[in-house]
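Reader: I've got a new model on my screen and a few questions about it. Could you walk me through it?

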Amino acid sequence: MSAPSVVMGQASPAVLLAPVSQGAATVNTAGFDLTGYEGVVVVTQLLGVLTGTIGSQKLQTSHDNSVWVDITSAQGTFSTLTGTASQQSFDVRSARRWLRYQAVVATNPVLISVNLNGLKKVTA
């Protein structure tokens, strides 16, 4: 008789936006595939030196990695202050397959990076 499969979660961090000095523009990260993630994921925005200003920042989701809608169930607020780490979290069941981060940099430059932390299902 074979042993039953056990489903566990494995921490699976990911970089959504590598550190970059961003000029004035709308920043959209590449779509990130949430397939296999479960429960709550946390997206962390790190802001370094701000000689410019950053406006709205948000998380968006998509079925097809091309048409995007805001994730309105995300908890937390991204900061606009120099030298801060801020987070938003959401349950992946409230999102579609793809995730991206969007920010509007009003004046340049802004040093920014964005990371995701979550658990992926692993069957052992």
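**Overall build**

Author: Happy to. In this protein, 82% of the contacts with a separation of 6 or more are between residues 24 or more positions apart. Keep in mind that the model is predicted.

Reader: How many helices and strands are there in the protein?

Author: Reading along the sequence, you go β-β-β-β-β-β-β-β-β-β. The count that goes with it is zero helices and ten strands.

Reader: What box do the C-alpha atoms fill, along the principal axes?

Author: The protein has 124 residues, and 38% of them count as buried. Taken along the principal axes, the C-alpha atoms fill a box of roughly 65 × 30 × 20 Å.

Reader: How far apart are the centres of the positive and negative side chains?

Author: Start with the two sets: there are 7 positive and 5 negative side chains. Their centres lie apart by 1 Å.

Reader: Now the strands. Which residue in β10 does Val43 stand opposite?

Author: Strand β5 covers residues 37-50 and runs antiparallel to β10, with nine bridges joining the two. On the β10 side, the residue opposite Val43 is Leu116.

Reader: And in β8, which residue is the bridge partner of Gln45?

Author: β5 is also joined to β8, again antiparallel, by eight bridges. In β8, Gln45 has as its bridge partner Ser86.

Reader: Is Ser113 buried or exposed?

Author: Ser113 sits in strand β10, which spans residues 110-123. Leaving out residues up to four places away in sequence, Ser113 touches Leu17, Ala18, Pro19, Thr44, Gln45 and Leu46. The relative accessibility of Ser113 is 8%, and the cut-off for buried is under 20%. So Ser113 counts as buried.

Reader: What about Ser94, then: why does it count as partly exposed?

Author: You'll find Ser94 in the loop between β8 (84-91) and β9 (98-107). Partly exposed is the range between the buried cut-off of under 20% and the exposed cut-off of over 50%. Ser94 is partly exposed because its relative accessible area is 40%.

Reader: Which residue's backbone oxygen does the side chain of Ser94 reach?

Author: This one is a contact from side chain to backbone, at 2.7 Å. The backbone oxygen that the Ser94 side chain reaches belongs to Asp91.

Reader: Last one: what separates the C-alpha atoms of Ser94 and Ser73?

Author: Along the chain, Ser94 and Ser73 are 21 residues apart. In space, the separation between their C-alpha atoms is 7.1 Å.

How values were computed:
Residues numbered from 1 in each chain as written. Predicted model: local features only at pLDDT ≥ 70, side-chain atom pairs only at ≥ 80, totals over all residues. Heavy atoms only, no water. Helix = DSSP H or I, 4+ residues; strand = E, 2+ residues; numbered from the N terminus. Buried < 20%, exposed > 50% of the residue type's maximum accessible area, 1.4 Å probe, protein only. Contact = heavy atoms within 4.5 Å. Polar contact = N/O pair within 3.5 Å; in protein donor to acceptor, adjacent residues only side chain to side chain. Lys, Arg positive; Asp, Glu negative; His and termini not counted. Charge placed at Lys NZ, Arg CZ, Asp CG, Glu CD. Pairing = 2+ DSSP bridges.
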